[in-house]
Amino acid sequence: MRTPDDTTDDATADTTADSVPHRVPESIAETVRGATWRLLRSELRLVLSRRRNQAGLAVLAVVPVVIAIAVKVAGGGASDGSGSTTDSFVGSVAGNGFFVALAALSVEIGLFLPLAVAALSGDAIAGEANVGTLRGLLVVPVPRTRLLAVKYAAVVLGALLAVALVAVVGLVAGAALFGLHPVTTLSGTTLGLGAALWRLLLVGLYVGAFLAALGALGLFVSTLTEQPMGATIAVVLVSTLMWILDSISQLHAIHPWLLVDKQLAFADLLRDPVYTADLRLGLLTDLAYGVVFVTAAWARFGSRDVTS
Amino acid sequence: MSIFDRRPALRWAVPVAAAALVGAVAVGTSTVASADDHPDLPAVSAQDLLVDLASPTTPSVQGTVEATMRLGLPDLSGVPGLGGGPVAGGSSASVLAGTHTLRVWSDGPGRSRVAVLGGQSETDVVRDGTDVWLWDSAARSATHVTLPAERAGVPSATGGVGPTLTPDAAARAALGAVDPGTVVATDDTARVAGRPAYTLTLTPKPSERTLVREVAVDVDAATHVPLRVRVWSVEQSKPAVDVGFTDVSFATPPASTFDFTPPAGATVKTVPLRAGAGAKGSTRDAQDPTVVGDGWDAVAVGTLDDDQLAALTGDGSTTEVLDQLPTASGAWGSGHVLRGTLFSAVLTDDGRVAVGAVPVDVLTGALASAPQG
């Protein structure tokens with residue numbers, strides 16, 4: 001847990017150094033920038049040192065391992081000649097460990113990854129307010145807007161770390177149990193392993209963009225309450241509700257408005273040539289959600305009285 | 001001090017404006033896309049347009065196609081002949097219902113690739129001359145079909161094998177129906193995938209007893225490539241078939257687009273064309289269906305051989321599908337009846353089949369009048 005001392009000691013030294021702030025604007029700008037970086041570093045350290053975040057990352061990392069072991073134990077899936085066909089990357093795992101990473105991402109994008117982002121963003125503002133450290137944070141010579149930006153950056157970096165962890169553990173588990181081979185695209189062409197890893201990186205960034213947009217929503221919810229658990233639950237509810245609505249085909253009229261609608265389109269990166277139409281729509285949706293909710297969080301955070 | 005520091009409540013204007021902008025852009029683009037846009041184009045006669053359609057100015061077309069089918073069919077994935085058959089592996093049967101996104105590349109009559117996109121899967125038909133490959137990513141199977149040499153230049157998307165749901169294939173099928181019983185007109189224009197197009201309408205004359213109300217083919221004004229085909233049934237207001245480009249370009253696709261090498265680990269099958277059902281007219285020479293009537297209300301009457309009948313009634317999944325279909329009987333015999341919005345089919349208990357774009361009573365009439373066997 002952050003203590004009031006912990007949050008301010010980085011910055012107090014800087015404030016005293018600039019006792020006449022309006023005379024030396026350049027050094028203030030430098031100080032603020034330095035304080036911002038230090039704040040981001042301490043924020044990331046804090047996020048990573050929390051036991052529940054470490055436990056959450058461990059759970060995220062277990063999923064690809066479970067998928068790899070399950071396919072290994074079941075003995076092959078689609079490639080065993082049984083003629084079974086699946087419309088999912090899990091069916092390709094037996095032939096190539098590379099697909100463990102993709103299968104794990106498609107399984108976790110529905111709940112686990114949004115849950116991770118919801119937990120991070122719930123902690124970001126509401127968590128600080130809940131334990132009474134938010135007021136202390138606002139004393140550092142960093143404007144509220146910068147503070148919010150640091151909080152959001154930490155959420156986004158945490159989300160990217162989660163995605164990278166799932167992908168890397170998936171690759172390692174897949175390599176150990178099935179080996180890594182040149183990758184067959186959905187279109188039936190073959191990609192060298194290097195090119196395929198680039199595609200996987202793009203998949204990770206695409207999923208990361210979705211989580212960043214969800215993190216913006218989470219950041220906004222987090223500024224509304226002092227109950228981090230409430231904020232987390234609200235974000236998971238909204239995310240899960242959107243997945244449910246998106247699966248009801250009769251509601252197709254509202255599907256383009258849902259953040260999650262085009263997120264599974266990351267599979268289009270595994271076509272040859274890459275099919276970009278849905279990916280572009282997905283990124284635009286991410287951008288729209290991101291901008292609206294980051295600015296909403298900024299409006300709320302800048303105008304509210306912080307009392308705890 | 002900025003105005004946002006003095007009047008914090010004003011900050012809310014920013015997210016509200018952002019949301020309004022997003023909403024306006026989203027609604028704006030979707031209404032523009034669906035708006036009835038009738039670009040001004042020089043007048044052209046229906047006859048000239050028909051000639052133009054036969055000779056596009058570009059051999060290269062690539063783009064994204066959205067195909068929506070409202071044929072009113074039950075799940076036919078298990079029915080040989082009506083479904084994909086052994087070659088397409090049932091994939092084209094699922095294309096006969098709902099909305100599908102296809103990617104299309106073609107370069108001249110004999111070179112084409114059509115990819116039907118699934119969530120985390122894809123079905124491809126790649127054709128280069130007489131070589132046709134069918135790839136099914138879900139089954140990880142590649143099927144090789146070699147067309148007879150005389151069909152190397154036949155300009156259907158895939159030489160008659162596999163799913164052919166492209167505007168080009170649909171337009172060819174529609175134009176095949178032009179006969180004295182058809183009123184052909186071009187009195188409208190449209191914008192398809194952002195390109196101005198002439199709308200060619202084919203309307204069966206009232207004397208035709210058909211389920212087809214109207215066929216509209218949107219022909220690109222500059223290149224004469226068919227961009228969209230819609231077929232309306234007499235039974236519903238929305239088109240029963242709507243196949244059109246949402247995005248199109250006339251750049252030449254790279255030659256590698258039409259190469260297919262089965263990937264490592266895939267099941268590779270080579271299917272001799274004779275066994276490959278779905279290649280219309282090339283098999284079953286001895287039992288070519290009899291055509292009763294002509295024009296829009298033509299009915300194809302044929303007989304299944306014992307193997308096909310056994311396949312239809314013996315196999316579990318097929319029988320299940322067949323049992324869903326209502327039965328009927330009359331002077332023509334008795335059997336199962338399939339009532340689609342655009343075509344109907346009758347399968348009699350003694351193995352005769354009648355299919356046509358007509359109501360069921362026309363089919364049964366044809367069955368009654370057709371010679372047995």
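**Figure 1. Where β6(B) meets its two neighbours.** Start at B:Ser141, whose bridge partner in β12(B) is B:Thr267. In this predicted model, β6(B) and β12(B), the latter being residues 267-270 of chain B, run parallel and are joined by 4 bridges. The other pairing in view is with β5(B): residues 131-136 and residues 141-146 of chain B pair in the antiparallel sense, over 6 bridges. To find the register there, look for B:Val132, which has B:Val145 of β6(B) as its bridge partner. The hairpin of β5(B) and β6(B) leaves 4 residues between the strands, and B:Arg140 takes a positive phi near 50° in it. Strands of a sheet pair through backbone hydrogen bonds, either parallel or antiparallel.

**Figure 2. An open sheet in chain B with a helix packed on it.** Reading across, the 6 strands come in the order β13-β14-β18-β17-β16-β15 (chain B), with antiparallel pairing. The edges are β13 (290-292) and β15 (327-330) of chain B, each of which pairs on one side only. On average, neighbouring strands of this sheet are turned by 25° against each other, direction ignored. Helix α9 of chain B, residues 360-369, packs on the sheet and touches β13, β14, β15, β16, β17 and β18 of chain B. The direction of this helix makes about 40° with that of β17(B). Zooming in on the β15 edge, β15(B) pairs with β16(B), residues 333-339, in the antiparallel sense over 4 bridges. One pair to pick out is B:Thr327 with B:His336, its bridge partner in β16(B).

**Figure 3. The buried side of helix α6(B).** This helix covers residues 167-175 of chain B, and its buried residues are B:Pro167, B:Asp168, B:Ala169, B:Ala170, B:Ala171 and B:Ala174. So what covers them? The cover includes α3 (46-54) along with strands β1 (60-70), β8 (195-204), β9 (212-220), β10 (226-233) and β11 (241-249), which belong to chain B. For the wider setting, chain B has 9 helices and 18 strands, and 42% of its 373 residues count as buried. Among contacts in chain B with a separation of 6 or more, 59% come from residues 24 or more positions apart.

**Figure 4. The surroundings of B:Thr189.** Here we sit in strand β7 of chain B, residues 182-192, which holds B:Thr189. Is B:Thr189 buried or partly exposed? With 19 other C-beta atoms within 10 Å, B:Thr189 is partly exposed, because being buried takes 20 or more. Leaving aside neighbours within four places in sequence, the contacts of B:Thr189 are B:His38, B:Pro39, B:Leu41, B:Pro196, B:Ala197, B:Tyr198 and B:Thr199. As a distance marker, B:Val116 is 73 residues from B:Thr189 in sequence and 29 Å away in space, C-alpha to C-alpha.

**Figure 5. Helices α5(A) and α9(A) side by side.** Moving to chain A, helix α5 (residues 98-108) and helix α9 (residues 193-224) pack at an angle of about 10°, with their axes 11 Å apart. That angle is why the two are called roughly parallel. From α5(A), the contact is made by A:Phe98, A:Ala101, A:Leu102 and A:Leu105; from α9(A), by A:Ala196, A:Leu200, A:Val203 and A:Val207. By class, this contact has 8 nonpolar, no polar and no charged residues. An α-helix has 3.6 residues a turn, so residues three or four places apart point the same way.

**Figure 6. Helices α3(A) and α6(A) in opposite directions.** The axes of α3(A), residues 51-74, and α6(A), residues 112-131, come within 11 Å and cross at roughly 170°. The pair is therefore roughly antiparallel. On α3(A) the meeting residues are A:Gly56, A:Val59, A:Leu60 and A:Val63, and on α6(A) they are A:Phe112, A:Ala116 and A:Ala119. The class count for this contact is 6 nonpolar, 1 polar and no charged.

**Figure 7. Annotated spans of chain A and its contact with chain B.** An unreviewed UniProt entry places the feature "transmembrane region" at several spans of chain A, including residues 152-180 and 200-221. In the model, residues 152-180 of chain A are 90% helix and 0% strand, with end C-alpha atoms 36 Å apart. Residues 200-221 of chain A are 100% helix and 0% strand, and their end C-alpha atoms lie 31 Å apart. Where the chains touch, 29 residues of chain A are in contact with 30 residues of chain B. Helix α11 of chain A, residues 277-303, gives the largest share of the chain A side, 10 residues. That side divides into 13 nonpolar, 14 polar and 2 charged residues.

Notes. Residues are numbered from 1 along each chain as its sequence is written. Chains are lettered from A and ligands numbered from 1 in the order in which they are written. This is a predicted model: local features need pLDDT of at least 70, side-chain atom pairs count only at pLDDT 80 or more; totals for chains, interfaces and linings use all residues. Two strands pair if DSSP finds at least two bridges between them. Axes are lines fitted to C-alpha atoms, for helices over the stretch in contact, and angles run from 0 to 180 degrees between N-to-C directions. Two residues are in contact if their C-beta atoms, placed from the backbone, lie within 7 Å. Angles under 35 degrees count as roughly parallel, over 145 as roughly antiparallel, 65 to 115 as roughly perpendicular and the rest as oblique. Ala, Val, Leu, Ile, Met, Phe, Trp, Tyr, Cys and Pro count as nonpolar, Asp, Glu, Lys and Arg as charged, and the others, Gly among them, as polar. A residue is buried if 20 or more other C-beta atoms lie within 10 Å of its own, exposed if 12 or fewer, and partly exposed in between; C-beta atoms are placed from the backbone. UniProt positions are given in the numbering used here, feature names are shortened, and annotations may be inferred rather than shown by experiment.
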